[in-house]
There are 2 protein chains.
Amino acid sequence: MTAPAPLPRPDDVLAAAARIADRAHVTPVLHARTIDEAAGCSLHFKAEHLQRAGAFKFRGACNAVWSLSAEVAARGVVTHSSGNHGAALALAAASRGIVCHVVVPEGAVAAKLAAIASYGAVLHRCEATMAAREAACEQLRSQTGATLVHPYANRDVIAGQGTATLELLHQSVLDALVLPVGGGGLAAGAVLALAHASPRTRLVLAEPSGADDTFRALETGRRVESQTPATVCDGLRALLGAPNFELLHAHRSSDGAPVEVIRVDDAATIAAMRRLAVHTKQLVEPSSAVALAAVLAEPARFAGLRVGVVLSGGNVDPDRLPWLA
Amino acid sequence: MTAPAPLPRPDDVLAAAARIADRAHVTPVLHARTIDEAAGCSLHFKAEHLQRAGAFKFRGACNAVWSLSAEVAARGVVTHSSGNHGAALALAAASRGIVCHVVVPEGAVAAKLAAIASYGAVLHRCEATMAAREAACEQLRSQTGATLVHPYANRDVIAGQGTATLELLHQSVLDALVLPVGGGGLAAGAVLALAHASPRTRLVLAEPSGADDTFRALETGRRVESQTPATVCDGLRALLGAPNFELLHAHRSSDGAPVEVIRVDDAATIAAMRRLAVHTKQLVEPSSAVALAAVLAEPARFAGLRVGVVLSGGNVDPDRLPWLA
């Protein structure tokens, strides 16, 4: 209905950082000697699982909410997500005192819905198809005037996610940065932050083998428009967004290296999750552990380097913790 | 063979803090709004599971190792522990470049032995009885001249463990302090640190119902000399040590309150462990989670207070993580 918004730029990440500074946590960088020895490189784990609402998603949601004019904000925000973006947008809206509508599909995990509701969002049920979710969002938008905040294909969201990388680059000098890719909000934001703060750092994406549209898109130069994801990484099942693809496709480090993608089997992701639990005492979700799994799967690419690894979130399904049940 | 060493005093904790300052981590204090709401008080979690070697035990071991004269240290140290103290003493000895002998019982968890060996200790197998372990220690001591560093009934160890409480009292103002009790090194050290830094803070111990000798000892005024522990808290199965009992029995806060003990069932401990995993993303061992479980079991004792909770260690048995297997 409207022309695509222009792509966000590095300056937008700096503006986002200022906008969210008093609202988001500065997350720590963790180290683990034992994992460094196994990986053959020096790992800098950015602990975004300790971010507010348990994932980096709060950065983008917070930037989007606080970028709205007072008049527009007063009509609220709307999204469809039963995962981390839904919780993040609910919390961000609460921080501004505005209403947040979240469209959630039938069959969504009860614990996740409870988290979203606990931040004060209004939940709207719909059928569990993408078409039904988008239609419900559109209906709410037209009825209420609420602003749609897409989970990743949104310039304010991308700029906000870029602050995770910007902050890490202020904390650690890095030869390479590895992060998970699903819809590509974190990855596209990293492109902007790296261009500003550390152009020589290589960007490497970790993607589940069972949802590898980003790998294929960057290989062929054409965005993939459908896939049937098969992975335990519930945060990485979405298709790479259009602006996200454009930013990643065009990106080069200062020595000309394009964005790399490493595909990881779920078994390796779960092994990495276990390694993080044992050696750092941190519980992260599979969608985060995939980044460490990528480093361990391709050690030659990282030998001796200083490598940033974004632990993107820690919102595991409690029912997946039988040992703690 | 020798008269009991005099009890450690508050000044010994200050000396220990100076001695280990460049060798141990200053661990962070964590907060979780959701758990505060459930508990009805303000919780300050002291993250000793992020201490070197994964537990507060490194503080006492490090203080003991660095308290030795150069001549005595050169003959090494010895202990019997297949758990956190063994690993802590091995790492502390490595920090001084001296040999560490660890007597380990047949049947000990392989992962724990591997951790101890990875810090450079020499392992000595023996039968899985306390008599066999003590005999093996004594034989090594007499053969090598190594100094025995008992896991908890040792004044340098107690003073070192007291630095965890001292550090927490510099980080947070507390009305009450809750920590797990097994042999009593952490608890006895807390008595000394509280006397120096915050006499009005109440001291509350959390003990597994299946190994409640400290509860009984403080009720009757007489140390218990044997029990058959039945608890998943593998770090809390030991009997309260003699000097540890003396310090705890004599302790009063500045308004006259004696040390309290709350007994906790294993099911409540596991529930607390799960709550910490979900809401703080931290993986702690059951022997640590017992402290939060105690607060949640007796909320009236803590209503509205500022409560310190020591997360004493994070060395879970990887085989107890089936979900991550």
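**Notebook: Val77(B), its sheet, and a look at Ser198(A)**

I started with the contacts of Val77(B): setting aside neighbours within four places in sequence, this residue touches Val65(B), Leu68(B), Leu89(B), Ala93(B), Ile98(B), Val99(B), Cys100(B), His101(B), Ala146(B), Thr147(B) and Val149(B). A reminder to myself: this is a predicted model.

Next I asked whether Val77(B) is buried or exposed. Val77(B) has 0% relative accessibility, so I noted it as buried, the cut-off being under 20%.

I then looked up where Val77(B) sits, and found it in strand E3 of chain B, residues 77-80. I also checked a pair far apart in sequence: Val77(B) and Gly145(B) are separated by 68 residues, yet their C-alpha atoms are 8.4 Å apart.

On to the sheet. I read the strand order in chain B as E5-E4-E3-E6, an open sheet of 4 strands with parallel pairing. Its edge strands are E5 (122-126) and E6 (147-148) of chain B, each pairing on one side only.

I followed E4(B), residues 100-105, to its parallel pairing with E5(B), and found 5 bridges. Which residue of E5(B) is the bridge partner of Val102(B)? I found Leu123(B) there.

I also saw helix H6 of chain B, residues 110-118, lying across E4 and E5 of that chain. H6(B) runs at about 145° to E5(B).

Last, I turned to chain A. Ser198(A) is in the loop between helix H9 (185-197) and strand E8 (202-208). Its relative accessible area is 12%, so I put Ser198(A) down as buried too. Beyond its neighbours within four places in sequence, I listed Leu169(A), Leu174(A) and Ala193(A) as contacts of Ser198(A).

Key: Residues are numbered from 1 along each chain as its sequence is written. Chains are lettered from A and ligands numbered from 1 in the order in which they are written. This is a predicted model: local features need pLDDT of at least 70, side-chain atom pairs count only at pLDDT 80 or more; totals for chains, interfaces and linings use all residues. Side-chain values use heavy atoms; hydrogens and water are left out. Two strands pair if DSSP finds at least two bridges between them. Helices (H or I, at least four residues) and strands (E, at least two) are DSSP runs, numbered from the N terminus. Contact means heavy atoms within 4.5 Å. Axes are lines fitted to C-alpha atoms, for helices over the stretch in contact, and angles run from 0 to 180 degrees between N-to-C directions. Buried means under 20% relative accessible area, exposed over 50%, partly exposed in between (1.4 Å probe, protein chains only).
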